[in-house]
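Notebook open, coffee poured. I want to go through the empty spaces inside this protein, then the ring contacts, then the strands.

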Amino acid sequence: TGRESVLFSLHQRVCARLCTRVLVTMGSGTVKCYMGVVLIAQALTLVYIFQAMRQLPAQREYEMASALVQLGELEGKVAVGEEVPLVTRLRAQVEREEAQFNANAKGPLPGTGRTPPRANPTPRDTSADTLQLADHADLLLSHGNAGHEKALNSPVGAPKEGHATQLPPRQPTPAQPQPQPQAAQEEAPRALALGTGNGQSPLDPFEDPSPGAVHFVEDKEWLYPLPKGVEDEHVWRYKSTGLYWTKQDRLFRKFKHYNSTLSLPPPSVQQKIEQVCATLGTSQHGQKLCRMFRKCYPNTLETTTNMLHDGTTYIITGDIPLMWMRDSSAQVHHYLPLAPHDPYIQVIIEGVIRRQIKWIHLDPYGSSYRLFLDFDHAGKKKLTDWDFKSGRTIHVAMHNYEIDSLCYFVKLSYQYWRATGIADIFDDEWKSAAQLIIDTIRKEQDHESSDYRYPELPAQGRGNPVCKCGLSWVGFRPSDDKCEQHYLIPGNMFAVVAMRYISEVAVEVYADVRLKEDALALGTEIDDAIHEHGVVTKNGHQIYAYEVNGCGKTNLMDDANVPSLLSIPYLNYTTRHDPHRELYRNTRNFILSSQNPHFFADASHQGIGSPHTGRGRIWPMSLVMQALTSDDPEEVMRMVEMLRTTDAGTDFMHESFTVGSPNRYTRKWFAWANSLFSELIIKKADLISSHYSK
């Protein structure tokens with residue numbers, strides 16, 4: 001009735017045009033084969049129109065009408081500059097509503113010139129406007145090649161020439177609660193209705209006026225001059241081809257739209273801080289954890305994040321100004337709950353994923369990367385012989401292969417998609433990176449046939465001997481230390497999870513059965529090999545080894561860095577070989593005891609450390625992971641208490657602290673640990689509040 005009948009009329013016009021175009025394109029001989037496709041298109045069109053247009057505010061109706069008129073101008077159906085009554089009326093309505101809203105909202109947000117979004121716009125009857133939009137629908141659906149060409153050649157925020165300016169690393173400063181503008185406190189930025197996939201709707205503000213159009217800019221081969229005296233065989237190491245994103249698509253337009261008003265961190269981060277601190281309560285210990293959370297939660301965005309001109313996000317790890325695949329993924333993971341409702345967080349995380357795609361294509365064996373050679377401003381102008389031997393380039397900072405680097409990229413992509421429903425990150429470049437990950441992990445199942453060598457490893461860079469057994473070879477642990485036995489079990493478990501994630505994306509987004517089967521076959525093969533070669537008997541119980549060589553040698557231990565054996569549930573690793581988690585429980589008991597050579601304890605502090613920092617040092621990261629993977633409230637609170645009392649008065653997490661002397665610590669600026677701690681506080685805030693209120 002009423003408006004619904006108008007929308008259904010528009011639906012009929014759209015579907016009629018779709019059917020006509022299919023008939024014309026396919027020809028009568030193939031019509032029967034495609035009738036099912038046409039019927040599906042009809043149903044989807046009806047669903048979209050009713051969902052998207054039912055609550056269409058004046059601003060969006062005005063934009064749609066304007067776009068239709070512009071298309072008419074391109075095709076000569078509307079005279080350029082002609083006054084269209086529908087557009088004029090909608091524009092006047094928008095101006096009236098904005099003026100009224102500005103008066104009620106006390107003006108635009110400070111420093112932005114933009115008014116905050118309306119929480120509940122005043123409903124009004126727009127049936128007449130919608131009917132006239134339906135009358136203009138033919139302009140949109142008959143949009144021809146000429147218009148497409150003009151739109152394709154039009155400038156859409158082309159990036160600056162050359163390379164992006166790298167901002168100097170910002171040191172962490174004591175974080176004080178900052179007063180937020182009243183409008184920002186009342187409402188966080190709302191995510192627009194971006195849909196869950198291809199973004200083809202004309203209502204989408206980030207879709208090109210020419211449906212499906214993608215713009216490309218030049219991929220610069222040389223961003224930096226070639227130093228004198230470089231031998232021909234090493235010239236390629238100084239090239240920058242593939243460093244920046246050259247495709248300007250819907251996500252790039254989304255970045256351009258929000259980047260001009262993006263502040264780091266966005267207002268939603270401060271709102272989350274206030275919410276969590278309110279939950280933690282007013283007790284002395286609760287207030288201490290609140291102060292720590294105020295510093296740790298925004299630390300990544302405040303001190304390590306740079307938005308680049310190509311729409312990607314460059315995140316350094318902290319006191320080392322390089323971007324690790326692993327760290328950068330983990331550093332933004334705790335912001336995922338904000339992403340469904342905050343387009344600024346979306347732009348940041350989408351930028352991280354796209355930057356990682358570039359890194360993977362540059363070198364799938366790399367672990368950390370840089371935008372330019374002299375990343376630490378030490379005056380380095382030329383790669384050294386050691387750099388050549390280590391597989392480095394001006395953009396690949398570390399070529400030491402860590403399987404978890406690839407898995408973290410898949411995990412972040414998958415969990416962002418599941419959290420937001422936004423599938424636009426899954427384009428051809430993402431799919432190519434996923435296939436490269438599968439190929440790399442499969443190639444390293446037979447390391448002897450691999451060309452990968454690294455000078456820090458024994459046997460002329462090949463590493464210690466292994467036997468081919470279905471596990472995938474790994475050169476280095478997530479701590480960046482070289483493996484003793486090169487089948488790293490936690491890393492292989494993470495690979496199994498990554499393959500399952502890729503298979504889901506392959507089916508639900510790409511409809512690619514071959515990619516799905518490829519990923520699942522590799523994951524199943526590795527999972528079976530883990531339980532054939534990675535399980536040993538210790539003290540009458542079966543447990544997972546940390547490393548094995550497939551020939552019978554094992555390394556029984558655990559390391560604080562994730563992936564670890566302790567983090568198995570956190571990684572979301574499950575297996576048909578251990579349906580009741582008995583293997584994990586036995587392993588957990590082993591690694592959280594003195595039998596683990598890297599478990600350290602005294603009367604006040606107990607936890608897992610790492611060979612990376614030597615004996616007698618516990619990593620806060622391991623305490624966080626022990627709490628996150630525990631079902632015992634008392635164990636969780638013991639970990640929280642240790643974290644609260646071992647920050648050396650800085651309110652930040654550190655890499656490690658000395659047992660018995662927590663004021664002695666390593667790395668005062670370690671954003672990954674700060675992010676992981678924040679994730680724990682968010683998840684356990686109710687338990688913490690209840691404990692301290694007793």
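Cavities. I searched the whole structure, which is a predicted model, and got five cavities of 30 Å³ or more. The largest cavity holds about 100 Å³ of space. I counted 13 residues in its lining, and A330, H333, Y408, K411 and Y570 come closest to the centre. Next I looked up which elements give two or more residues to that lining: α13 (325–333), α16 (403–420) and α23 (671–692). The top contributor is α16, with four residues. By class I noted eight nonpolar, three polar and two charged residues around the largest cavity.

On to the second largest cavity, at about 80 Å³. I wrote down its lining as W245, L251, F252, F255, D310, G311, V347, E350, G351 and R354. Here α9 (250–259) and α14 are the elements that give two or more residues, and α14 has the largest share with four. The class split for this lining is five nonpolar, two polar and three charged.

Rings. I stayed with α14, as W359 sits in that helix (residues 343–362). The structure has 21 aromatic pairs, and I picked Y314 with W359. How are the two rings of Y314 and W359 set against each other? Their centres are 6.4 Å apart and their planes meet at 70 degrees; edge-to-face means over 60, so this pair is edge-to-face. Y314 belongs to strand β4 (residues 313–315), so the contact with W359 ties together parts that are 45 residues apart in sequence. I checked burial too, and both Y314 and W359 come out buried. W359 also has R355 over its face, 4.7 Å from the ring centre.

I found a ring cluster as well: F409, Y414, W417, F426, W430, Y501 and Y510 are linked by ring pairs. One of these, W417, has R418 lying over its face at 4.0 Å from the ring centre.

Strands. I looked at β9 (residues 535–538) and β10 (residues 541–544), which run antiparallel and are joined by four bridges. V536 faces I543 across this pairing. The two strands make a hairpin with two residues between them, and N539 in the turn has a positive phi of about 55 degrees.

Last entry: an open sheet of three strands, antiparallel, in the order β15-β16-β17. Its edges are β15 (617–618) and β17 (661–666), each pairing on one side only. Two bridges join β15 to β16 (residues 656–658), and I618 stands opposite F657 there.

Note on methods:
Residues are numbered from 1 along each chain as its sequence is written. This is a predicted model: local features need pLDDT of at least 70, side-chain atom pairs count only at pLDDT 80 or more; totals for chains, interfaces and linings use all residues. Side-chain values use heavy atoms; hydrogens and water are left out. Rings of Phe, Tyr and Trp (its six-membered ring) pair if their centres lie within 6.5 Å; planes under 30 degrees apart count as stacked, over 60 as edge-to-face and the rest as tilted. Buried means under 20% relative accessible area, exposed over 50%, partly exposed in between (1.4 Å probe, protein chains only). A charge sits over a ring if NZ of Lys or CZ of Arg is within 6 Å of the ring centre and within 35 degrees of the ring normal. Two strands pair if DSSP finds at least two bridges between them. On a 1 Å grid over the protein atoms alone, a cavity is a set of points where a 1.4 Å probe fits but cannot get out, and a pocket is an open set with protein on both sides within 12 Å along at least five of seven lines; lining residues have an atom within 4 Å of a point. Grid points are joined across faces, edges and corners, and a volume is the space filled by probe spheres set on the points. Ala, Val, Leu, Ile, Met, Phe, Trp, Tyr, Cys and Pro count as nonpolar, Asp, Glu, Lys and Arg as charged, and the others, Gly among them, as polar.
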